[in-house]
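This briefing looks at charged side chains: where they lie, how they pair, and what surrounds one that stays unpaired. Please keep the structure in view while reading the points that follow.

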Amino acid sequence: MNRDERVVRELVSGYGRTYAEEAGIRLADTPQPLYRLLVLSLLLSARIRASVAVAAARALHEDRLDTPRRMADADWQQRVDALGRGGYRRYDERTATQLGDGAELLDERWGGDLRRLHEEAGGDTGELKRLLQEEPGVGPAGADIFLREAQRVWPEVGPYLDRKALDGADRLGLPKDPRKLTELAKDTEPAVLAAALVRAALDKDVAEDCLQRAA
């Protein structure tokens, strides 16, 4: 086993947990978990700690704001309160508005089912990313987060390792080529590899720990 293979092995074994898993989302190609992932992706894309975004996503779920219809039917203050309970206070008011508007758009245009958006993209990942950004509050970073995680149930999207994941590879001294990285990861799911690489990009202590253990 060469140096890069050891680093990837230590990275995945120590930090190979998707953000959907951390938020308690059992990801499946069905409307509710896909919607919860979209909400999580929007929350994670803000300049805020990932742990806070995950906590806010859990709080929204606890308040049953976990389908487009329920999110749209909730009043603005309900959404603000749930976000605040998760610690998502810096962006709570703007995000509460975006979540309401986005839920209405998703319900009206795609019947509340992101699988229809997926079908509309026709297998084109670039088009899929563009359509996701029609959702209020979902920019390029949010779409990347969604696709990194959704490749677990939409495998034709993968291997989806975006700029943030490749920043993690760079910090670890690994090749910044998605195909080479997935080869190094062997049987590891691309979504798991992507999440682990992002954790290394966001936290230098993660990278240093992996490098020490792989030495």
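A residue is called buried when its relative accessible area is under 20%, exposed when that area is over 50%, and partly exposed in between. By that scale Arg3, at 35% relative accessibility, counts as partly exposed. The model described here is a predicted one, and its charged residues are taken up below by topic.

**Salt bridges**

- Side chains of opposite charge can pair when their charged atoms come close, and this structure holds 20 salt bridges.
- Arg3, the partly exposed residue introduced above, forms a salt bridge with Asp4, in which the closest N and O atoms are 2.9 Å apart.
- Arg115 and Asp113 are also joined by a salt bridge, with 2.8 Å between the closest N and O atoms; Arg115 is partly exposed at 30% relative accessibility, while Asp113 is buried, with a relative accessible area of 10%.

**A link between two helices**

- Lys129 and Asp144 meet through their side chains in a salt bridge, at 3.0 Å from N to O.
- Because Lys129 lies in helix H9 (residues 125-132) and Asp144 in helix H10 (residues 140-150), this pair ties together parts that are 15 residues apart in sequence.
- The two partners differ in their cover, as Lys129 counts as partly exposed at 23% relative accessibility, whereas Asp144 is buried, with a relative accessible area of 11%.
- Beyond single pairs, there is one network in which Arg109, Glu120, Glu127, Arg130 and Glu134 are joined by salt bridges that share partners.

**A buried charge without a salt bridge**

- Glu149, which is placed in helix H10, is buried yet has no salt bridge.
- The nearest side chain of opposite charge to Glu149 belongs to Arg148 and is 5.4 Å away, which does not meet the salt-bridge cut-off of a side-chain nitrogen within 4 Å of a carboxyl oxygen.
- Which residues does Glu149 touch, leaving aside those up to four places away in sequence? They are Thr18, Tyr19, Ala20, Leu27, Leu37, Ala191 and Ala195.

**A positive patch on the surface**

- Arg47, Arg90, Lys164, Arg171 and Lys204 form a positive surface patch.
- One of these patch residues, Arg47, is found in the loop between helix H3 (31-44) and helix H4 (50-62).
- With a relative accessible area of 73%, Arg47 is classed as exposed.

Conventions. Residues numbered from 1 in each chain as written. Predicted model: local features only at pLDDT ≥ 70, side-chain atom pairs only at ≥ 80, totals over all residues. Heavy atoms only, no water. Patch = residues over 30% accessible without salt bridge, like charges linked within 9 Å, V, L, I, M, F, W, Y side chains within 5 Å. Areas by Shrake-Rupley, 256 points an atom, 1.4 Å probe, with all protein chains shown as cover. Lys, Arg positive; Asp, Glu negative; His and termini not counted. Charge placed at Lys NZ, Arg CZ, Asp CG, Glu CD. Helix = DSSP H or I, 4+ residues; strand = E, 2+ residues; numbered from the N terminus. Buried < 20%, exposed > 50% of the residue type's maximum accessible area, 1.4 Å probe, protein only. Contact = heavy atoms within 4.5 Å.
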